Amino acid sequence: MTYSEVILGSSPFIFSPQFGHRTRLYELDFKNQPENIAKILNKSYQLGVNQFLFNVTDDIKKALEISENMGCTWSVIGMTNFNTFNGDLNVFDKFNTTTVILDGSFVDKKIDEGDFEYIINYLKEIKNRGYIPAIETRTPFKNLPLISESNLCEYFDVIMFPLNFYGYMMDCNFLNKENKDKISFSVEKIGKKIIVNRTLATGILKPQEAYDFIKNIDYVDCVCVGLAKESEAEETLGIINKFKL
């Protein structure tokens, strides 16, 4: 069994720092240039991807509008945090948004503080606005067991976390059998839809080896991947689509 859905991520478009020197290159390529972002969206859409992880910035919003005006019908998955929550939801209302994810840096902080109710209140509001409530964790080995044993599971339907062979940007060293089994056990207890991101380990892994590995992990429902060039989209999505159900 393998994943059945693919999401285009937006990390390159927000110049995420994990890309190292490429972060600056992405800034040069995409800042104040929404038409360049739209090219990646359009190419990905042509290659069969119709879901987009939307981190709200003016440039990404304009790019999404450009892409939709050119005939791409995107299903939007909104990413938000506690600081920008209300404004982000107002933006999501303007698009075909299905799901809203609470950002992992904020979720993990509240889990560290033991304040699950704080997270739950935001999840309730997401559901009240008509969206599927979701959370991200960036430390799955530490937090998936805590989440599985809490009442938080009653309030979200989707969870996203990083997953790649090297354990890069995860809280483990290499995803060997023992570590895979630990995550599998917690995921089974949580019983929610699973999205995995950071699947290419910010480019450390080649697409073929990355998805050869992920295709054998039964609990993965969906992979999220950030792409920064049309040629990257062709290579990566060409490989991803071979394994997609």
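This talk covers the largest pocket and two salt bridges of the structure above.

The model is predicted, with local features needing pLDDT of at least 70 and side-chain atom pairs pLDDT 80 or more, while totals for chains, interfaces and linings use all residues. Residues are numbered from 1 along each chain as its sequence is written, and side-chain values use heavy atoms, without hydrogens or water.

The pocket, then. A pocket here is an open set of points on a 1 Å grid over the protein atoms alone, where a 1.4 Å probe fits, with protein on both sides within 12 Å along at least five of seven lines; lining residues have an atom within 4 Å of a point. The largest one holds about 870 Å³ of space, the volume being that filled by probe spheres set on the points. Its lining has 43 residues, and S11, P12, S16, Q18 and F19 lie nearest the centre. Helix α10 gives the most to this lining, with three residues.

Next, salt bridges, meaning a side-chain nitrogen of Lys or Arg within 4 Å of a carboxyl oxygen of Asp or Glu. The whole structure has 14. In one of them, D103 pairs with R138, with the closest N and O atoms 3.0 Å apart. That pair links distant parts of the chain, 35 residues apart. Is D103 buried or exposed? D103 is buried, at 10% relative accessibility, whereas R138 is partly exposed at 30%. The cut-offs are under 20% relative accessible area for buried, over 50% for exposed, and partly exposed in between, with a 1.4 Å probe and protein chains only.

R24 also bridges E27, at 3.3 Å between the closest N and O atoms.

Technical notes: Helix = DSSP H or I, 4+ residues; strand = E, 2+ residues; numbered from the N terminus.
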